[in-house]
2 protein chains.
Amino acid sequence: MVSEKTVERLSLYRRVLQQLWAEGKETIMSHDLAGLLHVTPTQVRRDFMQLGYSGVPNIGYKIRPLLESIANFLDSPSPQSAVLVGIGHLGLALLANFAGRWRQLAIRAAFDKDPNKIGQTYHGCRCYAMSELKKVINETNSIVGIIAIPGDGAQNVCDQLVQAGVRGILNFSPLRVKAPDYVFVEHVDLSATFEKVAFFARKMKYYEQEGNWKTESGLIEDANETLTTNQ
Amino acid sequence: MVSEKTVERLSLYRRVLQQLWAEGKETIMSHDLAGLLHVTPTQVRRDFMQLGYSGVPNIGYKIRPLLESIANFLDSPSPQSAVLVGIGHLGLALLANFAGRWRQLAIRAAFDKDPNKIGQTYHGCRCYAMSELKKVINETNSIVGIIAIPGDGAQNVCDQLVQAGVRGILNFSPLRVKAPDYVFVEHVDLSATFEKVAFFARKMKYYEQEGNWKTESGLIEDANETLTTNQ
DNA sequence: GTTAGTTTGTTAACAAATTCACAATTATAC
DNA sequence: GTATAATTGTGAATTTGTTAACAAACTAAC
């Protein structure tokens with residue numbers, strides 16, 4: 001079937017296509033879209049091939065039906081719910097973005113162990129006690145659980161979410177949680193990502209000192225060459 | 001050169017190795033470490049091979065020197081700084097985690113366009129006006145810039161960061177920013193990630209309805225055809 | 001010191017993802 | 001209507017990342 005990367009890109013395509021449509025554009029060619037997202041035109045065409053949506057040679061892709069095709073592919077026919085565990089700064093950021101903002105996919109409930117937070121409403125989303133997890137997940141028919149707690153309890157929370165019936169977990173804790181194979185798990189590890197960026201940033205600097213610039217693909221001789229050809 | 005994925009995993013290894021060391025463990029074997037992180041033992045050995053650190057057959061890897069080797073590889077010899085642009089919920093979450101908590105790598109300054117925030121201190125990190133970006137980046141010798149603003153200004157901020165001399169950018173905005181080849185850019189797209197998890201969660205559900213389950217041991221039916229890699 | 005039983009390091013095979021290259025197709029100009 | 005130029009769709013090649021398999025290396029037991 002379709003790969004994770006393709007699904008992610010389809011989500012990106014949709015966002016810029018919506019923007020383009022709002023600006024009055026009706027068609028788009030693979031290389032223009034590729035340019036906006038900094039991927040290759042071939043990649044765009046391949047992804048749309050997976051979608052089953054065909055463009056027309058010499059014209060490109062018609063944005064409106066393409067958007068419908070993406071929505072048809074990515075979105076659930078009925079609205080989908082998610083729940084959030086952990087209302088720290090990160091949890092609030094997620095609520096601000098995903099609590100009820102989208103029609104088809106939204107965070108509909110939140111949980112925290114802090115008694116002061118239970119019963120409160122954050123960005124339109126009510127906070128419940130962990131003991132109500134299963135009940136609320138059943139009531140809201142949520143299929144995704146988001147773990148946004150600092151660390152230790154993550155596996156425990158994950159188990160409870162699985163127990164309650166979610167089919168997907170988005171884990172922001174630094175612990176790798178384990179779920180049964182019929183549950184999709186995605187880890188977003190901010191520390192590791194931050195360290196990675198710093199690592200490669202430093203390497204760039206290193207090559208600068210050596211007189212060589214590092215690119216994604218390898219080393220090149222002259223820095224000014226890239227600087228000028230780039231923009 | 002070493003791949004991004006390897007760098008990310010080294011960061012993960014380090015975290016659990018530190019934990020193990022704190023618990024009094026002195027050596028670890030590839031398959032035990034692999035079990036903790038849900039990767040294969042071969043992967044672990046391969047990553048350590050890249051490091052240049054050798055274990056001993058029948059014993060495993062000595063945790064203390066391994067940790068030093070990872071630190072030596074991942075960390076800068078001198079402390080490194082990063083700056084944050086955008087003090088919303090997400091920015092606060094990042095500050096809470098990375099403002100001065102680590103010795104070698106920390107967020108040392110923050111920026112926002114809100115006049116009420118400028119001059120304030122958040123999690124020990126002072127907020128400056130965007131006009132001071134270049135000056136502060138130079139003073140703190142920052143090589144990483146983190147973009148945590150909602151959307152539109154992202155490319156502009158990115159350009160300013162590059163102009164000011166950063167070599168790595170961690171971008172949380174939904175816009176894909178473009179930087180010269182000598183700057184490493186990492187996109188963390190929360191919307192796309194959220195949609196991806198929901199998508200695959202739904203597929204899992206779909207197969208449940210079809211009567212096909214993925215199990216611990218493998219697939220009962222042919223879910224394999226349609227479900228791609230879980231991790 | 002020898003043997004048995006593990007685990008490492010690494011080569012080779014495999015798998016996934018991306019890009020190349022080009023035939024097929026279409027609009028436009030004339 | 002035909003020629004021209006441009007763009008799509010996709011098999012093949014390439015690149016990148018992962019896993020299997022096994023020789024070499026080591027410990028421990030005797």
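I started with B:Thr40, where an N or O atom of the side chain sits 3.2 Å from a phosphate oxygen of DNA strand D. I count a polar contact as a pair of N or O atoms within 3.5 Å; within protein, one must be able to donate a hydrogen and the other to accept it, and residues adjacent in sequence count only if both atoms are side-chain atoms.

A note to self on the source: this is a predicted model, where local features need pLDDT of at least 70 and side-chain atom pairs count only at pLDDT 80 or more, while totals for chains, interfaces and linings use all residues. Side-chain values use heavy atoms, with hydrogens and water left out.

Strand D next. I found 25 residues around DNA strand D, with A:Met29, A:Ser30, A:Arg45, A:Gly55 and A:Tyr61 the closest; "near" asks for a heavy atom within 4 Å. For A:Ser30, I read 2.6 Å from a polar side-chain atom to a phosphate oxygen of DNA strand D. B:Arg45 goes to a base instead, with a side-chain N or O atom 3.5 Å from a base nitrogen of DNA strand D.

Then strand C. I looked up its 24 surrounding residues, and B:Ser30, B:Arg46, B:Gly55, B:Asn58 and B:Tyr61 come nearest. Sugar and phosphate make up 55% of the atoms of DNA strand C within 4 Å of the protein. I noted B:Ser30 with a side-chain N or O atom 2.7 Å from a phosphate oxygen of DNA strand C, and B:Gly55 with a polar backbone atom 2.7 Å from a phosphate oxygen of that strand. B:Arg45 turns up here too, with a polar side-chain atom 2.9 Å from a base nitrogen of DNA strand C.

Key
Residues numbered from 1 in each chain as written. Chains lettered and ligands numbered in written order.
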